Structures are given as structure tokens and as C-alpha cells.
Amino acid sequence: MIPEPISLRPATSADTPQILAFIRGLAEYEKLSHVCFATEESLRVTLFGPRPFAEVIMADWEGQPAGFALFFHNYSTFRARPGIYLEDLYVLPALRGKRIGKALLTGLARLAVERGCARLEWSVLDWNAPSIAFYKALGAEPQDEWTIFRVTDESLDRLAKGI
């Protein structure tokens, strides 16, 4: 059950400035502002354009923006079912501890069940002890046997060219 002062809703294009503000707040918290290149225009195109690549759930506290969850579908070949990957979860620092993060995860879990997903997963920075404790308290289990690999920027360009 979501506590009454919290409401969840799907984001619309009109939420783009607030989504960007939340992303910048998250980047600052994660000490990654130097790699945050998102703009309102790039978010509008990729979230609300002709081919949306992700979805956003907005959380409001007493009618005011409080946080968001940005997610997209992935796929489990072993289960032959879709999953949901939570890319970002963010709650304004002044509103943490009011169960907004849990409400966002609960709403996302409900959506995963409604859509027939086999799993809901996300990554967390290894130094982020408060978030790790929060996720474990919800029943989430770390997948320590997996290592994330990534190619970006010049490495992605070289790989695409077969270099």
C-alpha cells in the first residue's frame, strides 16, 4: 500500500524539466556530474518521441515532485520472458525516509507483474551503503557473480567499425 501523501503517475513530456533536475541530482549524489550530458531535448526525444527507449514513473509528495524511477524492458532468454531494468531511482534528499523510494519500487514491481515480467533488477554503486541496505531490506539480492561490462564513446565507435 502506498502511503497517502505519496502519489505515483506515468511521466509526460511536460515533466521533462523535472526529470532532468532529478537526473542531475542523482549524478551529483553519485559523484558523476562530470559524465551527465542529458538535456531536456535529448530526454524528450528518447523518452517521449516516436520511439521511446525508456519510461518514467514520477512520485509526488503532497502534490509536489519528490522523485522518479526511470526504467526499460530487458529480456531473459532462460525464462523466455521480459524483465524490467531500473536505470535510475531518485528521491529528493529532503524527502528521503518518507517511504517514497519504497513506493516507487512497489509501483514498479506491480507494473512488472502486470506486464508478465520474470524479474525486476538494477545496479547500485558498491560504495552506496544506505541504498544497498535499503534494497536488501526489501528482499533484493545482490548478483555478485556478475560483472558489468560497458563500451562508450570512442570505444563504442571503434567496436561499431570493427576496429
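How many bridges join β3 to β4, and which way do the two strands run? Ten bridges join them, and the strands run antiparallel. Keep in mind as you look around that this is a predicted model. Below is a quick tour of the strands, a helix, the charged pairs, the aromatic rings and the cysteines.

**Strands and hairpins**

- Start with β2 and β3, which run antiparallel and are joined by seven bridges.
- These two strands make a hairpin with two residues between them. Look in that turn for E62, which has a positive phi of about 50°.
- Next come β3 and β4, also antiparallel, with their ten bridges.
- Their hairpin has four residues between the strands, and here A80 takes a positive phi near 50°.
- F68 in β3 is a handy landmark, since M58 stands opposite it. F68 also has a bridge partner in β4, namely Y90.

**Helix α3 and what covers it**

- Helix α3 covers residues 100–114, which makes 15 residues.
- From its first C-alpha to its last, α3 reaches 21 Å, close to the 21 Å expected at 1.5 Å a residue.
- Which residues of α3 are buried? They are I100, G101, A103, L104, L105, G107, L108, L111 and A112.
- What covers those buried residues? The cover includes the strands β1 (6–10), β2 (55–61), β3 (64–76), β4 (81–91) and β5 (119–122). Helix α4 (129–137) is part of the cover too.
- After α3 comes G116, and its phi is positive, near 75°.

**Salt bridges**

- Here's the basic idea: side chains of opposite charge can pair when their charged atoms come close.
- How many salt bridges does the model have? The count comes to five, and three of the pairs are worth a visit here: D60 with R9, E40 with R44, and E121 with R119.
- D60 and R9 meet through their side chains, at 3.1 Å from N to O. This pair links distant parts of the chain, with D60 in strand β2 and R9 in strand β1, 51 residues apart.
- Is D60 buried or exposed? D60 counts as buried because its relative accessibility is 8%, and the cut-off for buried is under 20%. Its partner R9, at 28%, counts as partly exposed.
- E40 and R44 also form a salt bridge, and their closest N and O atoms are 3.4 Å apart. Both residues lie in helix α2 (residues 40–48), four residues apart, which is about one turn of the helix.
- E40 is partly exposed at 31% relative accessible area, and R44 is partly exposed at 29%.
- E121 pairs with R119, with the closest N and O atoms 3.4 Å apart. Salt bridges that share partners also join R9, D15 and D60 into one network.
- As for accessibility, E121 is partly exposed at 25%, and R119 is partly exposed at 33%.

**Aromatic rings**

- A pair of aromatic rings is described by the distance of the centres and the angle of the planes.
- How many aromatic pairs turn up in the whole structure? The search finds six.
- Take F22 and Y90: their ring centres are 5.8 Å apart and their planes sit at 50°, so the pair is tilted.
- F22 lies in helix α1 (residues 16–29) and Y90 in strand β4, so the pair ties together parts that are 68 residues apart in sequence.
- Both F22 and Y90 are buried.
- Another pair is F134 with Y135, whose ring centres are 5.5 Å apart and whose planes are at 50°, so this pair is tilted.
- F134 counts as partly exposed at 30% relative accessibility, whereas Y135 counts as buried at 11%.
- Remember F68 from the strands? F22, F68 and Y90 form one aromatic cluster.

**Cysteines**

- How many disulfides does the structure hold? The number is zero.
- You can still look up C36, which is partly exposed at 23% relative accessibility.
- C117, on the other hand, is buried, with a relative accessible area of 9%.

Methods:
Residues numbered from 1 in each chain as written. Predicted model: local features only at pLDDT ≥ 70, side-chain atom pairs only at ≥ 80, totals over all residues. Heavy atoms only, no water. Disulfide = S-S within 2.5 Å. Buried < 20%, exposed > 50% of the residue type's maximum accessible area, 1.4 Å probe, protein only. Expected span 1.5 Å × (residues − 1). Contact = heavy atoms within 4.5 Å. Salt bridge = Lys/Arg side-chain N within 4 Å of Asp/Glu carboxyl O. Pairing = 2+ DSSP bridges. Phe/Tyr/Trp six-rings, centres within 6.5 Å; stacked < 30°, edge-to-face > 60°.
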